[in-house]
Amino acid sequence: MTGRSALPFRRALLGWYDSVRRYLPWRESSDFYRVWISEVMLQQTRVEAVIPYFHRFLEQFPSIRALADAPEADVLAAWSGLGYYSRARNLHRAAKQVANQGVPASHDDVLSLPGAGPYTAAAISSIVLGLPHAAVDGNVIRVISRLTNDAAEISAPRTRARFAAEAQRLLDTHRPGDFNQAMMELGATVCLPRTPLCPECPVQRFCAGRAAGRERELPVKLKKAAVTEIVLELLAMLWDGRVFLIRRDDAEKRLAGFWELPPRELFAEVPGTRASEFTHRIVNDRFRVVVWKAVWKAVWKAAAPATVKLEGGRWFDLSELTSLPVTTVTRKALAGLSEAKPAAGLS
Ligand code: SF4
């Protein structure tokens, strides 16, 4: 593929994209705010998971000004469950910047927003502003490595630079936003990581990896680091439609300000029953989460929990949790408890 004219490739790819592209709510317009929110949400998160969050977020913060003026706790609550919370904090800071300085008018303006890296800047400036910048995410890297039959290890900066240059060479400068989305769509729906659907691929005839029969060997990645398993025991204390949560302090910046179930050992004296167990993965850590349950009427006979000394946290009505920043692990834990699920709407 490298070095050949890119024109037939562009025609084949865009023709395919025009006829089969998926309906996605942020594709309805090239409005900066909608595209920006979707691009930030889509980082490290699947399209299907993003869609309901995208709708709810825009309902709650219908404009950049509404987002800029909102308290950070409300933004984190709306993001709660999507993970990678630095994205929400940066988005909030960036909204304040845009509300003061105006909507970005150039690639450099987009790049200056807190949290915007080369991928986000290229995606937004091509889709919204029509500027000729190739957006290179994991899907595009996979497609390029196969198209060019390039077996270089993809985390190496030189490989990334070469793939970015090839993506830029292929880019249709008349329709850069559509071209970028078409490349990502191809990676997400046809040029799949384990089983690329080559017979259905609109650019199969340009694909050197397929011609060499090596499409499944590409791209080449470093071996993943070993996964560490960590056991996490949590205590869900429930009392008359309420749950006791503690607040993360600033020691762990990523989740500072979030509420969560306390560790079991913090309230070892509270009798509880083992209620459920699930796994939760964060990068190379696999948490085996064991949830203990202590329901007021069953465990405390003498005094109401409101009068029991419980340091470092407070009781929340389960119905409040949807508007509170709550960690994903705690949401999952409560969703598995029959006493918490219906009231909290946490499934
Ligand atoms: Fe990917 Fe196969 Fe298409 Fe090549 S032919 S781009 S490997 S789906």
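Domain bounds, as used here, come from an automatic or database domain assignment. Keep in mind that this is a predicted model.

**Exercise 1. Find the domains and say how far apart their centres are.**

Start with the assignment: domain 1 covers 7-217, and domain 2 covers 228-335. Next, take the centre of each one over its C-alpha atoms. Those two centres lie 36 Å apart.

**Exercise 2. Describe how domain 1 and domain 2 meet.**

Step one is to look at who touches whom: 8 residues on the domain 1 side are in contact with 12 residues of domain 2.

Step two is area. The size of an interface is often given as the accessible area lost when the parts come together. For this pair of domains, about 750 Å² is buried, and 53% of that is on carbon and sulfur atoms. On the domain 1 side, Ser80, Tyr85 and Arg89 supply 53% of the area buried against domain 2, which is more than any other three residues.

Step three is polar chemistry. The rule turns up 0 salt bridges across the interface of domain 1 and domain 2. Polar contacts do appear: 3 residue pairs between the domains, with both residues at pLDDT 80 or more. Helix α5, residues 72-79, gives the most to the side of domain 1 that touches domain 2, namely 3 residues.

**Exercise 3. Is helix α14 mostly covered or mostly uncovered?**

Find the helix at residues 328-335 and check each residue against the cut-off: buried means under 20% relative accessible area. Of the 8 residues in α14, 7 pass, so the helix is mostly covered. The ones that pass are Thr328, Val329, Thr330, Arg331, Ala333, Leu334 and Ala335.

**Exercise 4. Place Leu129 and work out its exposure.**

First, the location: Leu129 sits in the loop between α8 (118-127) and α9 (138-147). Its relative accessible area is 31%. Partly exposed runs between the 20% and 50% limits, so that is the label Leu129 gets. Now list its neighbours, skipping residues up to four places away in sequence: Leu129 touches Pro104, Ala105, Ser106 and Ile124. For a longer view, go 76 residues along the chain to Arg205; the two C-alpha atoms are 32 Å apart.

**Exercise 5. How many disulfides are there, and are Cys201 and Cys207 buried or exposed?**

A disulfide is a covalent bond between the sulfur atoms of two cysteines. Applying the rule that the sulfur atoms must be within 2.5 Å, you get 0 disulfides. As for the cysteines, Cys201 has a relative accessible area of 18%, so it is buried. Cys207 is buried too, at 13%.

Methods
Residues numbered from 1 in each chain as written. Predicted model: local features only at pLDDT ≥ 70, side-chain atom pairs only at ≥ 80, totals over all residues. Heavy atoms only, no water. Buried < 20%, exposed > 50% of the residue type's maximum accessible area, 1.4 Å probe, protein only. Contact = heavy atoms within 4.5 Å. Buried area = accessible area lost by both parts, 1.4 Å probe. Salt bridge = Lys/Arg side-chain N within 4 Å of Asp/Glu carboxyl O. Polar contact = N/O pair within 3.5 Å; in protein donor to acceptor, adjacent residues only side chain to side chain. Helix = DSSP H or I, 4+ residues; strand = E, 2+ residues; numbered from the N terminus.
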